[in-house]
Amino acid sequence: MEDETTESRNKARLAIVELANMISVPMSLNAIVRLKVPDAIWQNGSNTPLSASQILTRLPLSPSSASADPDNLQRILRMLTSYGVFAEHLNASTSERSYSLTDVGKTLVTDGDGLSYAPYVLQHHQDALMGAWPLIHEAVLDPSTEPFVKANGERAYDYYGKNPEMNDLMQRAMSGVSVPFMKAILGGYDGFEGVERLVDVGGSAGDCLRMILQKYPGAREGINFDLPEVVAKAPAIPGVTHVGGDMFKSIPKGDAIFMKWILTTWTDEECKLIMKNCFDALPAGGKMIACEPVLPEQSDDSHRTRALLEGDIFVMTIYRAKGKHRTEEEFRQLGLSVGFPHFRAFYIDYFYTVLEFQK
Ligand SMILES: C[S@@+](CC[C@H](N)C(=O)[O-])C[C@H]1O[C@@H](n2cnc3c(N)ncnc32)[C@H](O)[C@@H]1O
């Protein structure tokens, strides 16, 4: 009995040391993305295991980086191996370690369309490095202002709007995450079938709408609805009309409405305003199809639960202290409160759930 207690205390002390040092994990991930290590290992799909010294010779470093240190790179690679980003190959006779990419590491490789999860990693860490994270406790003490605003004096989106480099990173982060997600839901969800006029609320540059219309060429019209300054910069897309406006005031009419990653960043009262405007823009039987992260009821230690709970803290810290990841039941109740009698949830992608509200 005593042994068990000693062992569990030992494990507990180890667990708190791991938690205390966890900042090494995202910051090391940030480092390997900045150095473009995944592209260096990938080498057009060969994914041949490379030592840290070999990786350094393949990085697009400036000549002044001749002093780059393979030992320090290896320390980072080893640590991220234990988090499943790299696979380590240990040569028993030479003790040399070499690294290839796991499936997790491959998400950071730039694909033929220039997309990957690398900009998402950078954008999330850039926000973190702007001084908001040390102020998370302030979101508890005073949720009226986000930690990001407390640290920087303005909202994250206002800051992105004024900073072209950050705006570009944010757009690339969105595309890198949206495109694989849209491919997954278009393969497993048929709710767009038969829709003739589809409105994407907060559609940004129109990437999601473009993919939906490609899959359903029968849809006659796509309306990409976003803030006037956002649609002003959106590229022309065949079959898509860009419409500028404010979703809190009114939403263009359509026989279905799509939105992705919108409700999460707003408070319950704000969500009700957006959803009521959607309800008013739909005919009887029309669907509002929202794709949002949906929290499980149980706070278990699965990767999915952790990713969703961690993303929730990101929203609280960077975007909106009272915006949040919600449970399926919370979404259902929001829909009911603005008049949607029917609700279904489709778990196709592990992070974003498709939430179908029908009038
Ligand atoms: C998190 S982004 C999601 C973009 C896109 N749906 C996606 O998933 O890639 C939120 C979008 O909502 C837009 N937005 C914010 N406030 C808005 C408003 N009042 N009316 C219309 N769109 C708005 C933003 O400009 C931005 O494009």
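The following exercises, with worked solutions, concern the ligand site and the aromatic pairs of a predicted model.

**Exercise 1.** Determine how many residues surround the ligand, and how they divide into nonpolar, polar and charged.

*Solution.* Begin with the shell: 16 residues surround the ligand. The closest are Gly 202, Asp 226, Asp 246, Lys 260 and Trp 261. Next, sort the shell by class, which gives 9 nonpolar, 4 polar and 3 charged residues.

**Exercise 2.** Identify which atoms of the ligand lie opposite polar side-chain atoms of Asp 226, Asp 246 and Lys 260, and state how much of the ligand the protein covers.

*Solution.* Take the oxygen contacts to start. Asp 226 places a polar side-chain atom 2.7 Å from a ligand oxygen, and for Lys 260 the distance from a polar side-chain atom to an oxygen atom of the ligand is 2.7 Å. Turn then to nitrogen: an N or O atom in the side chain of Asp 246 is 2.9 Å from a nitrogen atom of the ligand. As to cover, the ligand on its own has 600 Å² of accessible area, of which the protein covers 89%. The ligand occupies the second largest pocket.

**Exercise 3.** Classify the aromatic pair of Tyr 157 and Tyr 319, and locate both residues in the chain.

*Solution.* The count of aromatic pairs is 18. For Tyr 157 and Tyr 319, the centres lie 5.2 Å apart and the planes form an angle of 20 degrees. Planes under 30 degrees apart count as stacked, so this pair is stacked. Finally, Tyr 157 belongs to helix α10 (residues 156–162) and Tyr 319 to helix α15 (residues 303–319). The pair thus links distant parts of the chain, 162 residues apart.

Note on methods. Residues numbered from 1 in each chain as written. Predicted model: local features only at pLDDT ≥ 70, side-chain atom pairs only at ≥ 80, totals over all residues. Heavy atoms only, no water. Near = heavy atom within 4 Å. Polar contact = N/O pair within 3.5 Å; in protein donor to acceptor, adjacent residues only side chain to side chain. Areas by Shrake-Rupley, 256 points an atom, 1.4 Å probe, with all protein chains shown as cover. 1 Å grid on protein atoms, 1.4 Å probe; cavity = no way out; pocket = protein on both sides within 12 Å on 5 of 7 lines; lining within 4 Å. Sits in = over half its atoms within 2 Å of the grid points. Nonpolar A, V, L, I, M, F, W, Y, C, P; charged D, E, K, R; others polar. Phe/Tyr/Trp six-rings, centres within 6.5 Å; stacked < 30°, edge-to-face > 60°. Helix = DSSP H or I, 4+ residues; strand = E, 2+ residues; numbered from the N terminus.
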